[in-house]
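Here's a quick walk through how this chain packs on the inside. Have the viewer open and follow along.

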Amino acid sequence: MKLTTQLISICLFASSACFAQTPRPSFEAASIHTNVARGEPVIQVTPGSLVIRNHPLFYLVQWAYDVTPSQIDGLAGQMDNRFDIVAKAPGMADENQMRLMMQTLLADRFALKVHKESRNMQVYAMTLAKGGPKFQESTTDGAFVLERTNPVILIAHHARMADLANGISGEIGRPVVDATGLKGRYEIHMDVSPYLVKPGGGDGQLDVTSILFTGLQDLLGLKLESRKENVDVLVIDHAEKTATEN
C-alpha cells in the first residue's frame, strides 16, 4: 500500500520550439540497469547526484515530470521491469534541475515521447483544516526523504505538499491538487496505528479510507475536498520497455 509504506514536483511541459532554441539539460554521466535484486525502492537526491533503485518506468516518468500517478495516461502495462539509475549532474544541480535532466535521459534511453493535454476531471483538493497544519517546516536544506521505522509510523523529511499529494493520489486513483498554500519543505510524522483494523482477531490491516479522510485531518491538519478542475495530463506517445545500453 503506497501511502502506508511510502510517502511519496517543477513540472515543465516545453514546446518543441522551446527545445529547438535551448539545449535540453542533461546529466554528465548516467547508467541504467535492470534491477534483479528487488529490495526497497530508493530515490536519493543530493546536490549534483541522483540515485534511483528498484523503480518502474512509470515512476521514473512521474518523478521526472513531477506529476501524480493519475496524471499519466499510458505505461500501465510497463510496471514489471524495474530499474537502477546512477547519474551525475553538472556542478551542484538541485532537485528541480535534475528532474529536467531525467526527462532528457528518458527521451534518450527509453525513446520516451510525451505530450500534454488539459482535461476536466474530478480531483481532490488538499486544503488546510481548521487550526492549520500540525507539522513543522524543515530547518535544514535537503531533498525529500522517507524514513520507514515500522509499518504504522510514517516519517518524511523535507517533504513538499506536492510529495504528499502524489502519495495520496496513488492511493485513491484520482489527481490530488495541493491547495494548502504551503510552499516550503516540512517534517511530517504520522502514527497510523489508531487506524489498524483486526478483523476476526487476525493480522491487522490499515483502514486506508479512514487514514485519508480522517487521519489526515486528525494527525496533520489537512483535509481532502472533492471538486472538478482542469488538470494537465501527461500522455505517453511512445516508450520502450527497456533502456538502450550504457
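Start with the largest nonpolar core, which has 32 residues. The ones with the most contacts inside it are Leu50, Leu57, Val61, Met98, Met102 and Leu106. Keep in mind that this is a predicted model.

Which elements feed that core? The ones in this table each supply at least two of its residues.

| Element | Residues |
|---|---|
| Strand S3 | 49–56 |
| Helix H3 | 57–65 |
| Strand S5 | 82–88 |
| Helix H4 | 95–109 |
| Strand S14 | 222–238 |

H3 gives the most, with eight residues in this core. For a look at the packing around one of the busy residues, click on Leu106. Setting aside its neighbours within four places in sequence, Leu106 is in contact with Leu57, Leu60, Val61 and Ala64, and also with Ala111 and Leu112. Apart from this core lies another one, of 29 residues, with Leu154, Ile188, Val208 and Leu222 among them.

Back to H3 for a moment: is it buried or exposed? Nine of its nine residues are buried, so H3 is largely enclosed by the rest of the structure. The buried set isn't just aliphatic side chains: it includes Phe58, Tyr59, Gln62, Trp63 and Tyr65. Just after the helix, Asp66 takes a positive phi of about 55°.

Now swing over to a helix pair. How do H5 and H6 pack? H5 covers residues 161–172 and H6 covers residues 208–220; the angle between them is about 155°, with their axes 10 Å apart. Angles over 145 degrees count as roughly antiparallel, and H5 and H6 are therefore roughly antiparallel to each other. Their crossing is left-handed.

Which residues make the contact? From H5 come Leu164, Ile168, Glu171 and Ile172, and they meet Val208, Leu212, Leu216 and Leu220 of H6. By class, that contact has seven nonpolar residues, no polar ones and one charged residue. The spacing makes sense too: an α-helix has 3.6 residues a turn, so residues three or four places apart point the same way.

Last stop, Leu164, which sits in helix H5. Leu164 has a relative accessible area of 2%, so it is buried. Along the chain, Leu164 and Ile188 are 24 residues apart, and their C-alpha atoms are separated by 9.5 Å. Ile188 is one of the residues in the 29-residue core, while Leu164 is part of the contact of H5 with H6.

How values were computed
Residues are numbered from 1 along each chain as its sequence is written. This is a predicted model: local features need pLDDT of at least 70, side-chain atom pairs count only at pLDDT 80 or more; totals for chains, interfaces and linings use all residues. Side-chain values use heavy atoms; hydrogens and water are left out. Axes are lines fitted to C-alpha atoms, for helices over the stretch in contact, and angles run from 0 to 180 degrees between N-to-C directions. Helices (H or I, at least four residues) and strands (E, at least two) are DSSP runs, numbered from the N terminus. Angles under 35 degrees count as roughly parallel, over 145 as roughly antiparallel, 65 to 115 as roughly perpendicular and the rest as oblique. A crossing is left-handed if the near helix is turned anticlockwise from the far one by less than a right angle, and right-handed if clockwise. Contact means heavy atoms within 4.5 Å. Ala, Val, Leu, Ile, Met, Phe, Trp, Tyr, Cys and Pro count as nonpolar, Asp, Glu, Lys and Arg as charged, and the others, Gly among them, as polar. A nonpolar core is a set of buried Ala, Val, Leu, Ile, Met, Phe, Trp, Tyr and Cys residues joined through side-chain atoms within 4.5 Å. Buried means under 20% relative accessible area, exposed over 50%, partly exposed in between (1.4 Å probe, protein chains only).
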